[in-house]
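Biologist: Before we turn to any detail, could you take me through the reading of a model such as this, feature by feature, beginning with the overall fold?

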Amino acid sequence: MLPIDRAGRLSPLGFLLLAITSVGWGLNFPIMKHLLTEWPPLSSRGLCDGAAALALFALARRQKLSLPRAVRLRLLIVSMLSIGGGLGCLPIAIVGLAVEQA
């Protein structure tokens, strides 16, 4: 969530974070395009996503993360389809898309 001041405007920190995110995403595509010429697409995403999952588990280690039993299966299915499907299909799309088309 971006920091908003009392008048409802974005703070300078919010604009800075937006700029950093935009530049990061903009630089990420050509780097991934080059990287995927060396690595198989799904293997590279599996390695990156696995490292990110371990980092998130390490950060959330002390947090209480219990869920009601009734929603656990639905949450698992939805998260696997949205995150896993999206991150799994992204490198395949990057391989087939020229940098100029993005």
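Modeller: The place to begin is the count of elements: the protein chain holds 3 helices and 0 strands, and from the N terminus on these elements run α-α-α. Please keep in mind throughout that this is a predicted model.

Biologist: What share of the contacts in the protein chain with a separation of 6 or more comes from residues 24 or more positions apart?

Modeller: Such residues account for 62% of those contacts. Burial is a separate matter, and here buried residues make up 10% of the 102 residues in the protein chain.

Biologist: How should I read the length of a helix, taking helix H3 and its 28 residues as the case?

Modeller: The general idea is to set the expected span, at 1.5 Å a residue, beside the distance between the end C-alpha atoms. For H3, residues 69–96, the expectation is 40 Å and the end C-alpha atoms are 41 Å apart, so the two agree. In H1, the 24 residues should span 34 Å, and because the end C-alpha atoms are 34 Å apart, the expectation is again met.

Biologist: Where in H1 does a kink lie?

Modeller: The kink, of about 25 degrees, is at Asn 28, shortly before the proline Pro 30.

Biologist: Which residues of H1 are buried, and what covers them?

Modeller: Here one first picks out the buried residues and then asks which elements touch them. In H1 the buried residues are Gly 14, Phe 29 and Met 32, and their cover includes H2 and H3. Turning to H3, we find Gly 88, Pro 91 and Ile 94 buried, with helix H1 (12–35) and helix H2 (41–59) among the elements that cover them.

Biologist: How does one look for empty space, and how much of it lies in the largest pocket?

Modeller: The general idea is that a probe the size of a water molecule, rolled over the atoms, shows where empty space is left. In this model the largest pocket holds about 480 Å³ of space. Its lining consists of 17 residues, of which Ala 53, Leu 56, Phe 57, Ser 79 and Ile 83 are the closest to the centre of the pocket. The elements that give two or more residues to this lining are H2 and H3.

Biologist: Which element gives the most to that lining, and what is the chemical character of the residues there?

Modeller: H3 gives the most, with 9 residues, while the lining as a whole divides into 12 nonpolar, 3 polar and 2 charged residues.

Key
Residues numbered from 1 in each chain as written. Predicted model: local features only at pLDDT ≥ 70, side-chain atom pairs only at ≥ 80, totals over all residues. Heavy atoms only, no water. Helix = DSSP H or I, 4+ residues; strand = E, 2+ residues; numbered from the N terminus. Expected span 1.5 Å × (residues − 1). Buried < 20%, exposed > 50% of the residue type's maximum accessible area, 1.4 Å probe, protein only. Contact = heavy atoms within 4.5 Å. 1 Å grid on protein atoms, 1.4 Å probe; cavity = no way out; pocket = protein on both sides within 12 Å on 5 of 7 lines; lining within 4 Å. Points joined across faces, edges and corners; volume = space filled by probe spheres on them. Nonpolar A, V, L, I, M, F, W, Y, C, P; charged D, E, K, R; others polar. Bend = angle between axes of the 7 residues up to and from the residue.
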